[in-house]
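Work through the exercises below with the model open. Try each task before you read its solution.

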Amino acid sequence: QVALVESGGGLVQAGGSLRLSCAASERASSRNVMGWFRQAPGKEREFVAAISRSGATYHADSVRGRFTISRDNAKNTLYLQMNSLKPEDTAAYYCAAGPTISYYSSRYDYWGQGTQVTVSS
């Protein structure tokens, strides 16, 4: 069983919005923290946002005020609402799950395959 499956990526113009979803298996959704990372070509994977099971949220400075992470524990689903998108937001977006809040990808032990977001200028 695949642990995490992302959806909702696509092509959007600058200033537009997208909503990413991540469907989690029972095992992955049992982790305390779920988060989003992104990776642009030639760059390292970077933290975007994370949310604990209790609802505490953390957003990277680069997306704070534009992106909002949320989760529906009953549906085992994670979301990322992305507004005011910029060309520099273009990347593959990955859903992850782990035991504690962290900005480091190595601290997460479940990963999805990624969904591509492309923002045109």
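Buried means under 20% relative accessible area, exposed means over 50%, and partly exposed lies in between (1.4 Å probe, protein chains only). This is a predicted model: local features need pLDDT of at least 70, side-chain atom pairs count only at pLDDT 80 or more, and totals for chains, interfaces and linings use all residues. Residues are numbered from 1 along each chain as its sequence is written, and side-chain values use heavy atoms, without hydrogens and water.

**Exercise 1. A warm-up on R71**

Place R71 in its element, then decide whether R71 is buried or exposed.

Solution. Start with the element. Helices (H or I, at least four residues) and strands (E, at least two) are DSSP runs, numbered from the N terminus. R71 lies in strand β7, residues 67-72. Now take the accessibility. R71 has 14%, so R71 counts as buried.

**Exercise 2. The disulfide**

Find the disulfide and say which strands it joins.

Solution. Apply the rule: a disulfide is a pair of cysteine sulfur atoms within 2.5 Å. The count is 1 disulfide. C22 is joined to C95, with 2.1 Å from S to S. Next, the handedness. The torsion about the S-S bond is about -80°, so this disulfide is left-handed. Then locate the ends. C22 is in strand β3 (residues 18-24) and C95 is in strand β9, so the pair ties together parts 73 residues apart in sequence. Finish with burial. C22 is buried at 0% relative accessibility, and C95 is buried with a relative accessible area of 0%.

**Exercise 3. Aromatic pairs**

Classify the ring pair of F37 and Y108, then that of F47 and Y103.

Solution. A pair of aromatic rings is described by the distance of the centres and the angle of the planes. Here is the rule. Rings of Phe, Tyr and Trp (its six-membered ring) pair if their centres lie within 6.5 Å; planes under 30 degrees apart are stacked, over 60 edge-to-face, and the rest tilted. The count is 5 aromatic pairs. For F37 and Y108, the centres are 5.2 Å apart and the planes are at 75°, so the pair is edge-to-face. F37 sits in strand β4 (residues 33-39) and Y108 in the loop between β9 (91-98) and β10 (110-111), so parts 71 residues apart in sequence are tied together. Both F37 and Y108 are buried.

Turn to F47 and Y103. Their rings are edge-to-face, 4.7 Å centre to centre, with 75° between the planes. F47 is in strand β5 (residues 46-52) and Y103 is in the loop between β9 and β10, 56 residues apart. F47 is buried, at 8% relative accessible area. Now connect the rings. Ring pairs link F37, F47, Y103, Y108 and W111 into a cluster.

**Exercise 4. Salt bridges**

Find the salt-bridge partners of R31 and R38, and the network that includes R38.

Solution. Side chains of opposite charge can pair when their charged atoms come close. The cut-off: a side-chain nitrogen of Lys or Arg within 4 Å of a carboxyl oxygen of Asp or Glu. The count is 5 salt bridges. R31 meets D109 at 2.5 Å, N to O. R31 is partly exposed at 24%, and D109 is partly exposed at 42%.

R38 pairs with D89, with the closest N and O atoms 3.0 Å apart. D89 is buried at 0%, and R38 is buried at 6%. Last step: salt bridges that share partners join R38, E46, R66 and D89 into one network.
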